[in-house]
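Open your viewer and keep the selection box handy. We will hop from residue to residue, and at each stop you will hear what to select and what is there.

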Amino acid sequence: MEKRHIADVVAERIEHLILDGVLKVGQQLPSERGLSEKLGFSRSALREGLNVLRGRGIIETRQGKGSFVARMMGEAPATPLMHLFSDHPRTLYDLLEVRALLEGESARLAAMRGTEADFIMITRRYEEMVAANGREGVEPKEHAHLDHAFHLAISQASHNPVLVQTLQSLTDLLISSVFASVNNLYHRPVQKRQIDRQHARLYRAVVDRLPEQARRAALDHISSIRDNLQEIEAEEQRLVRASMRLNGW
């Protein structure tokens with residue numbers, strides 16, 4: 001009975017690490033020795049706790065490789081519906097609406113609840129993103145991942161596990177929306193400077209603990225991306241119509 005009790009305590013500690021984003025979906029757990037030292041439990045208690053998590057489907061063991069955080073429902077391999085979402089242009093604007101809902105609140109909560117450790121991580125992600133802006137030859141895909149990592153660090157500082165897991169479950173879709181903005185806007189100097197200013201404003205509002213300014217900065221950033229992409233889309237349609245008239249349609 002005592003072993004079972006200890007196993008539940010160990011399992012609960014590891015579950016909290018997953019919910020808080022310390023251990024991420026698909027990530028390999030530290031070695032048994034390392035994990036027992038980090039958590040302060042004996043290795044036998046740790047094994048019992050991991051067995052509980054395996055039974056719940058939260059941890060999976062791969063032969064010869066170790067234990068990993070199992071994929072959650074939203075992290076399952078892409079379904080045909082997910083491909084439809086990511087491939088259909090119209091859903092880009094739906095995704096931006098979702099980002100506004102989730103990231104606006106993430107920024108507000110991060111400014112309210114973020115710890116110094118959270119702000120260090122946000123600063124690292126922000127500086128990595130800014131540094132990439134100054135390097136030659138950085139591919140749009142890399143920019144998109146750095147941009148997404150910055151926004152994800154802010155969401156993790158919200159200390160709302162459900163919000164964090166929801167955003168992480170949408171990672172592939174969200175990166176596709178970030179890639180669309182990077183691919184279409186980063187090579188346009190005016191829009192690129194605007195995005196850089198918005199990121200800086202969002203960063204400062206969060207780390208300076210200004211909740212409403214942080215929320216507004218996140219919303220303004222996503223609203224601006226939507227407006228710019230819609231203008232580019234309209235411009236392309238005008239060019240197509242003009243070309244068709246020129247060619248006698």
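**Stop 1: leucine 96**

Start by selecting leucine 96, which lies in helix H5 (residues 91-113). Bear in mind as you go that this is a predicted model. Is leucine 96 buried or exposed? Its relative accessibility is 3%, so leucine 96 counts as buried. Now show what surrounds it: setting aside neighbours within four places in sequence, leucine 96 is in contact with Ile222, Ile225, Arg226 and Leu229. For a sense of how the chain folds back here, add serine 223: leucine 96 and serine 223 are 127 residues apart in sequence, yet their C-alpha atoms are 8.0 Å apart in space.

**Stop 2: serine 181 and helix H9**

Keep Ile225 and Leu229 on screen and add serine 181. Leaving out neighbours within four places in sequence, serine 181 is in contact with Tyr186, Ile225 and Leu229. Serine 181 is found in helix H9 and is buried, with a relative accessible area of 3%. Where does its side chain go? The side chain of serine 181 reaches the backbone oxygen of valine 178, at 2.7 Å.

Next, select the whole of H9, residues 171-185. Its 15 residues reach 21 Å from first C-alpha to last, close to the 21 Å expected at 1.5 Å a residue. Colour its buried residues: Thr171, Leu173, Leu174, Ile175, Ser177, Val178, Ala180, Ser181, Val182 and Leu185. While you look at the spacing of that set, recall that an α-helix has 3.6 residues a turn, so residues three or four places apart point the same way.

**Stop 3: a lysine over a ring**

Tyrosine 186, one of the contacts of serine 181, leads to the next stop. Select lysine 192 along with it: lysine 192 lies over the face of tyrosine 186, at 4.7 Å from the ring centre. For another charge over a ring, jump to arginine 62 and phenylalanine 68. There the charged end of arginine 62 sits over the ring of phenylalanine 68, 3.8 Å from its centre.

**Stop 4: helix H10**

Return to lysine 192, which is among the buried residues of H10. The others are Gln191, Ile195, Gln198, His199, Leu202, Tyr203, Ala205, Val206 and Val207. If you measure the helix end to end, the C-alpha atoms are 27 Å apart, which agrees with the 27 Å that its 19 residues should span at 1.5 Å a residue. Just beyond, H10 is followed by arginine 209, whose phi is positive, near 60 degrees.

**Stop 5: the aromatic rings**

How many aromatic pairs does the model hold? The count comes to two. Select tyrosine 126 and phenylalanine 150 to see one of them: the ring centres are 5.6 Å apart and the planes stand at 50 degrees, so this pair is tilted. It links distant parts of the chain, with tyrosine 126 in helix H6 (residues 116-133) and phenylalanine 150 in helix H7 (residues 140-156), 24 residues apart. Both tyrosine 126 and phenylalanine 150 are buried.

Now add tyrosine 203. With tyrosine 126 it forms a stacked pair, 4.3 Å centre to centre and with 5 degrees between the planes. Tyrosine 126 lies in helix H6 and tyrosine 203 in helix H10 (residues 189-207), so this pair ties together parts that are 77 residues apart in sequence. Tyrosine 203 is buried, at a relative accessible area of 11%, and tyrosine 126 counts as buried at 15% relative accessibility. Show Tyr126, Phe150 and Tyr203 together and you have a cluster linked by ring pairs.

**Stop 6: serine 36**

Move to helix H2 (residues 32-39) and pick serine 36. At 7% relative accessibility, serine 36 counts as buried. Its side chain reaches the backbone oxygen of arginine 33 at 2.8 Å. Beyond its neighbours within four places in sequence, serine 36 is in contact with Phe41, Ser42, Arg43 and Leu46. Add valine 10 as well: serine 36 and valine 10 are 26 residues apart in sequence and 9.5 Å apart in space, C-alpha to C-alpha.

**Last stop: the whole protein**

Clear the selection and zoom out. The protein has eleven helices and two strands, running α-α-α-β-β-α-α-α-α-α-α-α-α from the N terminus on. Of its 249 residues, 40% count as buried. Switch to a surface view for the outside: the protein exposes about 14300 Å², and carbon and sulfur atoms supply 55% of that.

Conventions
Residues numbered from 1 in each chain as written. Predicted model: local features only at pLDDT ≥ 70, side-chain atom pairs only at ≥ 80, totals over all residues. Heavy atoms only, no water. Helix = DSSP H or I, 4+ residues; strand = E, 2+ residues; numbered from the N terminus. Expected span 1.5 Å × (residues − 1). Buried < 20%, exposed > 50% of the residue type's maximum accessible area, 1.4 Å probe, protein only. Areas by Shrake-Rupley, 256 points an atom, 1.4 Å probe, with all protein chains shown as cover. Phe/Tyr/Trp six-rings, centres within 6.5 Å; stacked < 30°, edge-to-face > 60°. Lys NZ or Arg CZ within 6 Å of the ring centre and 35° of its normal. Contact = heavy atoms within 4.5 Å. Polar contact = N/O pair within 3.5 Å; in protein donor to acceptor, adjacent residues only side chain to side chain.
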